[in-house]
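Got your viewer open and a hand on the mouse? Let's take a walk through this one, a selection at a time.

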Amino acid sequence: MTGEIHAHLTRVTRVYPAVAGNPPVHALGPIDLELRRGEFFAIVGPSGCGKSTCMDVLAGLAPPSEGEVSFEGNPIRGSVPDGVGAVFQEDASFPWLTVWDNAAFGLRRQGVDAAEIRRRVEYALGFMGLRDFAQAYPAQLSGGMRQRVCIARTLVLQPRLILLDEPFGALDAQTRLLMGDELLRLWRETGATVLLITHALDEAAMLSDRVGAMSARPGRFLETLETGWPRDRDSSMLEGETFGHITGRLWQLLRSESQAAMGHHPDAAQGGTRREAG
Amino acid sequence: MTRLAWIRLAIVLGAFAALEWLVQSGRISTHTMIPPTRMVTELWAILASGELTGDITQTLGNVAIACLLSVTVGFVVGAGIHAIPRLRRALDPFLTTYYAVPFFVFYPLLVYIFGMNNLPMIAIGFMFAVVAMIINTLNGLDKIPRVYDKVARMHQMSRASMALRIQIPAAAPNLFTGLKLSVAYAFIGVIASEFILAPGGLGYAIAFAYDNFDNETMYALMLFILVLVTAINMTLHYLEQRLLRRQGF
Amino acid sequence: MSRSSVYAIDIALVVLGIVVVWQLLHMGAGDVAISSPAATALRAGELLLSDAFWPHAAETGLALFYALVIALMIGLGVGTLLGGHRLSGDVAEPILVALYSLPKITLYPVILLVFGLGLEAKVAFGAIHGVIPVTIFTMNAVKNINPVFLRTSRVLGMGPMQTATHILLPATLPEIVSGLRVGFSLTLLGVIIGELFASHRGMGFLVMRAIGTHDVTTMMAVTLLLAVAAVLIASLLLYIDNRLHRRV
């Protein structure tokens, strides 16, 4: 890790304008975030805190209402820069394409020649453990496998910044841990910078070099923790004491924020769990 | 064939056998119904003589034109309406109640305007089929996961490329439903028009046979339409299964 | 401006659009082919005030009502049986779908041969059209009842009658109303086609008679009244349908 800044958000806010009688929604910020080249950064926060908005801004999918966003020194203004890949929480595999064609999708759009496509797709499918399913359709695969297809589809484009928006949110806890291991392997192998958005404290604590804990909406960083993990790590960190300290600290930061997101006053008695409107 | 298909076949054959018995044994008068076996032999004779080839080609031609028009126009209009959410919201109740308006009442008017030719029948078939295609195009476009929009932008795809590579394949199951309904509705529209007022065609031939107390021809032709439409529907169903089964639909 | 008033204005604009297109068609085709919206509305008003019109409207309304009741009773009964028995449902569904897409008009002469000219033929023909969608929707509603509901009723010790009225009916009602909505449209279609083809009474007959006397204005006025009535009833059913579905 060189410590060089790879991407940053400076004083970024995102406000959704008023729609038909509903007041404008201040979803995010102002926040500052500096991603170092090659690091694994996780953002945790309560539901609806603007984590995903933060990622959309960084990916160029949504322009910031205020503030500056840049990737590799170039400003991002609501259009997707080259070298950025994203995987989303929803299953975004295409059911009408085989696993192989799903993985090749982006390369074909870029007009990469067939031999190169074959080389990169074979590699990505092998890396994600999908080689035996190359001719299967997503409907024949489990949720975890489908998410691997989406990761492979991003991987073939050789992104230098990989954005992951709760990619394992819909998977069961054990599968999530195993997918976490694969993510670490992928991160080490590609040398890419990874930004992981998650609501799972253990996932954030286990996978990342740094964790940013985000407040309830409008999301801001409460604190950024350095985990101090070695680069060569996996889910066996869960057994150690440090893991408990990190998750403990994260929960300390987020407990009252999560209550706020559920409609509670901090430290109020347990009651109804009315969702925040909007 | 699966077990279910065998049971289905047995039920259909059983129904025909029962009808055969009811008529042969005199429980249903031959003034009302003729035995199914007679329908088949009669139909064979009619087809072999070639006297109705003109009517058959006329009906099928009109249905084909009405289908082609309604699928194309329905898809384009559906996609257009989908692109303008406000228009779509305003049109929704009209689209949903569209089939409550018995469009056949316009048929005499169309004959009056266009004259006694194929146009009014094609127009009725089209009016009947096009809205099914519009509604199913809208349904298909609605069901496209929103995340695909993000995926398309991550791949820096143009609007046209996104439509071709993502939206149409994603909406394909509903588009196919629209196609199937359009075929069925175009048939209903064209044959019903021929039945009421027409210069020719299968529906006309049935009505003509009815007016002349020619039960043999009438039932033979009914059987023909039932078999023809069922065969077309089954073919489309088979194609749909082949196209879409792998996608888990 | 609130959302609902924007919506009301948009709906009014769509109606206005229809009237404008109609007026343009009238100006293009002339009085002999298409009467103007104003003249048609005026004639429709005259019809509504005349004594001669109402027996025909009542005939159509009565035929529609009987046909709907028959379609609903048979459809609910058969649909519940097919939905409750997996094999029967699986066997029947493609047959029902095939029947749904048949041009049933071809069977009208059979109906006439069985029932003769008159109300019964129209009722039977309307019911034939309406019964299939009601059956299909009911069957799917019963088949897709969340099994947790039935387990709950067993845990609560509810009898078959209580289960039917307090669990089955409320759980399937939204889909049944959807079936009724589709069934209504087709039943009306069946009744009207019946009246167009061979009938001496009813709205469809009025249309055919007006065509026979080249009275375009009356023909279009009857058509307009039918269309407006159909859309109003369908809108009411759609409203109930949406209300019920939102609750689930």
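How many residue pairs are in polar contact across the interface of domain 1 of chain C and domain 2 of chain C? Keep that in mind while you set up the view, and remember that you're looking at a predicted model.

**Stop 1: the two domains of chain C**

Colour residues 1-32 of chain C one way and 35-247 another: the domain assignment calls these domain 1 and domain 2. Their C-alpha centres lie 28 Å apart. Where they touch, domain 1 of chain C brings 6 residues and domain 2 of chain C brings 7.

Back to the question: the rule finds 2 residue pairs in polar contact there, both residues of each pair being at pLDDT 80 or more. If you go hunting for salt bridges between the two domains, the count is 0. On the domain 1 side, the touching residues split into 3 nonpolar, 2 polar and 1 charged.

The two domains bury about 550 Å² between them, with 68% of it on carbon and sulfur atoms. Now show Trp22(C), His26(C) and Asp31(C) as sticks: in domain 1 these lose the most area to domain 2, together 72% of what that side buries.

**Stop 2: where chain C meets chain B**

Zoom out and bring up chain B next to chain C. The contact here takes 53 residues from chain C and 50 from chain B. About 4600 Å² is buried between the two chains, and carbon and sulfur atoms give 82% of that. Select Thr106(C), Leu113(C) and Phe197(C), which lose the most area to chain B on the chain C side, though together they make up 12% of what that side buries.

What joins Arg86(B) and Asp10(C)? Select the pair and you'll find a salt bridge, with the closest N and O atoms 2.7 Å apart. The count between chain C and chain B is 1 salt bridge, alongside 4 residue pairs in polar contact (both at pLDDT 80 or more).

Next, switch to cartoon view. Several helices of chain C each supply at least two residues to the side touching chain B, among them H1 (3-29), H8 (160-197) and H10 (216-247). H10(C) gives the most, with 11 residues. By class, that side of chain C has 44 nonpolar, 6 polar and 3 charged residues.

**Stop 3: a helix in chain A**

Jump over to chain A and select residues 99-109, which form helix H2. Is this helix largely enclosed or largely open? Largely enclosed by the rest of the structure, because 8 of its 11 residues are buried. Trp100(A), Asn102(A) and Phe105(A) are among the buried ones.

To see what surrounds them, add helix H3 (114-127) and helix H4 (143-155) of chain A, plus helix H8 (159-196) of chain B: the buried residues of H2(A) pack against these. Then follow the chain past H2(A) to Gly111(A), where phi is positive, near 70 degrees.

**Stop 4: a buried glutamate**

Last selection: Glu39(A), in the loop between strand E2 (25-36) and strand E3 (40-44) of chain A. Glu39(A) is buried, with a relative accessible area of 0%.

Which partners does the side chain of Glu39(A) have? A polar atom of this side chain lies 2.9 Å from the backbone nitrogen of Arg36(A). Now add Arg210(A): a polar contact of 2.7 Å joins its side chain to that of Glu39(A).

Key
Residues are numbered from 1 along each chain as its sequence is written. Chains are lettered from A and ligands numbered from 1 in the order in which they are written. Side-chain values use heavy atoms; hydrogens and water are left out. Domain bounds come from an automatic or database domain assignment. Contact means heavy atoms within 4.5 Å. Buried area is the accessible area (1.4 Å probe) that two parts lose on being put together, summed over both. A salt bridge is a side-chain nitrogen of Lys or Arg within 4 Å of a carboxyl oxygen of Asp or Glu. A polar contact is a pair of N or O atoms within 3.5 Å; within protein, one must be able to donate a hydrogen and the other to accept it, and residues adjacent in sequence count only if both atoms are side-chain atoms. Ala, Val, Leu, Ile, Met, Phe, Trp, Tyr, Cys and Pro count as nonpolar, Asp, Glu, Lys and Arg as charged, and the others, Gly among them, as polar. Helices (H or I, at least four residues) and strands (E, at least two) are DSSP runs, numbered from the N terminus. Buried means under 20% relative accessible area, exposed over 50%, partly exposed in between (1.4 Å probe, protein chains only).
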